[in-house]
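Here is a quick walk through one model, starting from a single side chain and working outwards to the domains. Have the structure open while you read.

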Amino acid sequence: MNKRWLLPIIFLGILLLLIIPARFLWSEDESFEAPNEKKPVGQDINLTSISKDKAKYHPESTVNFEATLSKKPNHAMDVKIVYYHLDEPVHEKIIQVTDQTFTWTWQTPKADYRGYYVEVVPLHNTSGGKTIALDVSSSWETFPRYGFLSDFSDMEDSKQQEVINNLTRYHINGLQFYDWHDQPHLPLKMNEDEQPKQSWSNIANQPVSFQTVEEYINLAHENNMAAMSYNLLNGTLAKEKEDGEKEEWYLYKDEEQEEIATHELPDSWKGDITLTNPGNQAWQDYIFSKQQTVFDSLNFDGWHIDQLGDRGDVYNAEGEKVNLLDSYKSFLTAAQEKFPDKTLVMNAVNQFGQEQIADSSSTPFLYSELWDPITTYADLNDVLMENHRLSNYEKNQVLAAYLNYKKSNKEGSFNPASVLYTDALIFAQGGAHLELGEHMLSQEYFPHDNLTIPENLKKDLTKYYDFMVAYENLLRDEVQPAELNITTSQWVQLSDKPARGELYTFAKKKKDKKIIHILNYFNTDHMNWRDTNGTQTEPAMKQELSLSIAEAKKVKNVWIASPDWNNGLPSQLKFTQEDGHVELTLPKIQYWDMIVMEY
């Protein structure tokens, strides 16, 4: 070989060795651009928002992101994007941004049912970044995040789109269409041409538009949300025999069938509810036929089945005592046979019937609507743990738990501390909270809307829902309870249940991980989760707490994350392990910290 070509060939070889490894950091459909070499753009530009286009994503699908800067850069600015699964970065890229609002895409991995954090940060201002979570799940039933809709009057398409876009940012993947129907026993009335009526009034005499319901279903599906049709399992309005009702369907308060069991409603509504026997096959056949009409006319994904709680002793048309709990299971079994391709969710009012619902294969997750005497954080915690036990830790759960109840009798705003204390406990114990729709819920009548969400709470709620999604594989993914022996000699007592003036600590386990949750009740005003008058106080951020954790297994790694700081991202913790104890320092805590020990 001619010696004059030797040096250029060697130089080219070295250059390829430097370029090729870096190239494999990026997927085939992405290009790498070197960091901007131009003059600095300044330290005052930061991220103000990030959004994505769906509530959840299927594996190997495209995510469309959009982010906004605090102002338009004078010239191209480098932004780093990191995708995390738990504490591990799974992908990174750098893009150059020239506009105040910019977009990019990501192809989701093949793995199903996984949560991710996405961090977006300007390279010139590493403290000016933001995060967003995303859920890669082929079905909403595994990690349900339930929201609601309650206004179906005629409205502009833009208004409906605004509602759905807001819920998408909170990753709400299932929507309960509350009281959309005409009457419990005739949810969708047909006209003389056997076509659905285009408008009607619901049971509360509120206007409903068929077009609005239909458009909400379409928008939900476009955003990968499930649309659930709400209705009772055993209710009619009055005894209207022209609608095909039969007296042998009814429940009675006495063996002699002299008094029909009813549920009173406000005088301004259409009427009181007459209760039917859920286990009566003729009633089941009737209401299933009416529900089939709903499914034939509107593309609902399932049926949110409501009940009215413990009715005491009730009797059938033959004077025999009816076991409502057994009848619930009978109803669910028959409903699943009738609608095998639809999702069934059933409300356990104050846990009434939850054991039977949990035992049924028809329901993919549990749903509880909570009332007195479930009043304290400890009571709320007991419900969460009971639901896990009833389903053998195989089904996740959603709680309908209404906050600032009495405060919402007048106009005002939600107390942020009420919401964050309750959500921290529910999310840490692997649940979700039915609270978000066109507004936030404060009472059981979903259209009730006296309290607004203050801006600081909106920001914090976004972080909490991001946290629930990003760490769903540690919070809600077949985790089991684990023993925890944890102590401190510093400023607070540790407790194994929620207690005022203390930190509540508990642990879960999954494969090679122990997940330790620490919830701060150090300076609460009281311990009532509903905080009905909105008086709960916000906890101060506490710094540096030394902890000693009994652990016989060899610990390889410890990290921490919190929705209250560091944008929810994981941080490595220094630790020592000696004589069966892990010693570490909790850097800070406000409402909730999560420590993960890996073996």
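Which backbone nitrogen does the side chain of Thr108 reach? The backbone nitrogen of Glu60, at 2.8 Å. Bear in mind that this is a predicted model, so every distance here is computed from predicted coordinates.

**Around Thr108**

Thr108 sits in the loop between β5 (101-107) and β6. Besides Glu60, the Thr108 side chain also reaches the backbone oxygen of His58, at 2.9 Å. Is Thr108 buried or exposed? Thr108 has a relative accessible area of 2%, so it counts as buried. Setting aside neighbours within four places in sequence, the residues in contact with Thr108 are Tyr57, His58, Pro59, Glu60, Ser61, Val63 and Val136.

**Two domains and what lies between them**

Zooming out, the domain assignment gives domain 1 as 47-136 and domain 2 as 480-598. Their contact draws on eight residues from domain 1 and nine residues from domain 2. Taken over C-alpha atoms, the domain centres are 29 Å apart.

How much area is buried between domain 1 and domain 2? About 680 Å², with carbon and sulfur atoms giving 62% of that. On the domain 1 side, the residues that lose the most area to domain 2 are Leu86, Asp87 and Tyr117, which together make up 63% of what that side buries.

As for polar links, there are zero salt bridges between domain 1 and domain 2. Four residue pairs are in polar contact across the interface, though. Looking at the elements on the domain 1 side, β6 (114-122) and β7 (130-136) are the ones that give two or more residues to the surface touching domain 2. By class, that side has three nonpolar, two polar and three charged residues.

**Salt bridges in the structure**

How many salt bridges does the structure hold? The count is 14. Here are three of the pairs, with their N to O distances.

| Acidic residue | Basic residue | Distance |
|---|---|---|
| Asp477 | Lys510 | 2.9 Å |
| Asp512 | Lys513 | 3.4 Å |
| Glu551 | Lys514 | 3.2 Å |

Take Asp477 and Lys510 to begin with. This salt bridge links distant parts of the chain, 33 residues apart. Asp477 is in the loop between α10 (472-475) and β23 (480-482), while Lys510 belongs to strand β26 (residues 502-510). Relative accessibility is 17% for Asp477, so this residue counts as buried. Lys510 counts as buried too, because its relative accessibility is 19%; the cut-off is under 20%.

Next come Glu551 and Lys514. Glu551 lies in the loop between β28 (542-550) and β29 (557-561), and Lys514 is in strand β27 (residues 513-520), so their salt bridge ties together parts that are 37 residues apart in sequence. Both Glu551 and Lys514 are buried.

What about Asp512 and Lys513, which also form a salt bridge? Asp512 is partly exposed, with a relative accessible area of 37%, whereas Lys513 is buried at 15%.

Which residues are linked with Arg145 in a network of salt bridges? Asp135 and Glu472 are the partners in that network.

Terms used. Residues numbered from 1 in each chain as written. Predicted model: local features only at pLDDT ≥ 70, side-chain atom pairs only at ≥ 80, totals over all residues. Heavy atoms only, no water. Domains from an automatic or database assignment. Contact = heavy atoms within 4.5 Å. Buried area = accessible area lost by both parts, 1.4 Å probe. Salt bridge = Lys/Arg side-chain N within 4 Å of Asp/Glu carboxyl O. Polar contact = N/O pair within 3.5 Å; in protein donor to acceptor, adjacent residues only side chain to side chain. Helix = DSSP H or I, 4+ residues; strand = E, 2+ residues; numbered from the N terminus. Nonpolar A, V, L, I, M, F, W, Y, C, P; charged D, E, K, R; others polar. Buried < 20%, exposed > 50% of the residue type's maximum accessible area, 1.4 Å probe, protein only.
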